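Me: I should like to learn how to read a protein model step by step. Could we begin with a strand and work outwards from there?

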Amino acid sequence: MSVTKGQSFRQGFPGWTIICGGLFFGLWLSGCNAQHPDRDGSAAPDKPKVVATSTILKDWTAAVAGDEIELVGLLQPGADPHVYEPVPRDTLQIEQADLILYNGYNLEPGLIKLIQSAARDRKTFAVGEVIRPLDYDYKGKREPDPHVWGDAEQAIQMVNAIRDQLIALSPEDREEFTTNAAQYTQKLQTLDRWILVQLKQFLPSNDS
Ligand SMILES: [Zn+2]
């Protein structure tokens, strides 16, 4: 028997969904790539194992790490981090990880709770929390907005933070991680310029 509790919670979070979807759009092209399957670890016993919560963090980590780590993403494409309820497989992955990368600022409350209990002796890092968040009003309280990746400059800071975590995990791969991160952040900068050009088409012109 399986019960999808997430469905019933979802209806209570229309605002979240809109905020998330809207901000996400900016980096949709680079951040959402469902092509690589999870490598669940059977073949790579000597590589350090990294677990990333969101698909964005997983994609960025894959871009920086190349083949040097075993990488597992917990959230599947399309899953809503705000209401996601961890499954037993997630606990297992976290317990086996050498490094757990999560967004933080309570983007993924279910997974963060699990990480706090199951990853006590594991290395964990809140990638999103390297960014100073905007505040937003949530149920009458000011809370940090966890959607910190919708700006290319901030995405670059997060990619560089992932690079530094991977270097700490596997120092002998420093050069490869550094090169990969530099190439990836260049792509993000190109994307950023492209977005600016697109946006300018919609702004009123002062030339006339
Ligand atoms: Zn969201």
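Reply: Let us begin with strand 1 of this predicted model. In a regular strand the side chains alternate between the two faces of the sheet. Strand 1 is covered on both faces: K49 and V51 are buried on one side, and V50 and A52 are buried on the other.

Me: Which way do strand 1 and strand 2 run, and how many bridges join them?

Reply: Strands 1 and 2 run parallel and are joined by four bridges. Within this pair, A52 lies opposite G73 of strand 2. Between the two strands the chain passes through helix 4, and this β-α-β crossover is right-handed.

Me: Which residue is the bridge partner of A52 in strand 3?

Reply: The partner is L101. Strand 3 also runs parallel to strand 1, with three bridges between them.

Me: What does L101 touch, apart from residues up to four places away in sequence?

Reply: L101 touches V50, A52, L57, T61, F125, V127, I162 and Q165.

Me: How should I read Y102, which is in strand 3: is Y102 buried or exposed?

Reply: A residue counts as buried if 20 or more other C-beta atoms lie within 10 Å of its own. Y102 has 26 within that distance, and therefore it is buried. Setting aside neighbours within four places in sequence, its contacts include T53, E108, L111 and A126. Y102 and A126 are 24 residues apart in sequence, yet their C-alpha atoms are 4.9 Å apart in space.

Me: What is to be said of the nonpolar core?

Reply: In soluble globular proteins, nonpolar side chains tend to be buried together. Here the largest nonpolar core has 42 residues, and V64, L101, M158 and I162 have the most contacts inside it. Among the elements that give two or more residues to this core are strand 1, helix 4, strand 3 and helix 7.

Me: Which residues of helix 7 are buried?

Reply: An α-helix has 3.6 residues a turn, so residues three or four places apart point the same way. In helix 7 the buried residues include A155, M158, V159, I162 and L166. Helix 4, strand 3, strand 4 and helix 8 are among the elements that cover the buried residues of helix 7. This helix has 18 residues and reaches 25 Å from its first C-alpha to its last, close to the 26 Å expected.

Me: What is the mean pLDDT of the protein chain?

Reply: The mean is 83, and 76% of the residues reach 70 or more. Over residues 1-19, however, the pLDDT is below 50, and it is also below 50 over residues 21-39.

Key. Residues numbered from 1 in each chain as written. Predicted model: local features only at pLDDT ≥ 70, side-chain atom pairs only at ≥ 80, totals over all residues. Core = buried A, V, L, I, M, F, W, Y, C linked by C-beta atoms within 7 Å. Buried ≥ 20, exposed ≤ 12 C-beta atoms within 10 Å, placed from the backbone. Contact = placed C-beta atoms within 7 Å. Expected span 1.5 Å × (residues − 1). pLDDT = per-residue confidence, 0-100. Pairing = 2+ DSSP bridges. Right-handed = clockwise from strand over helix to strand, strands pointing away.
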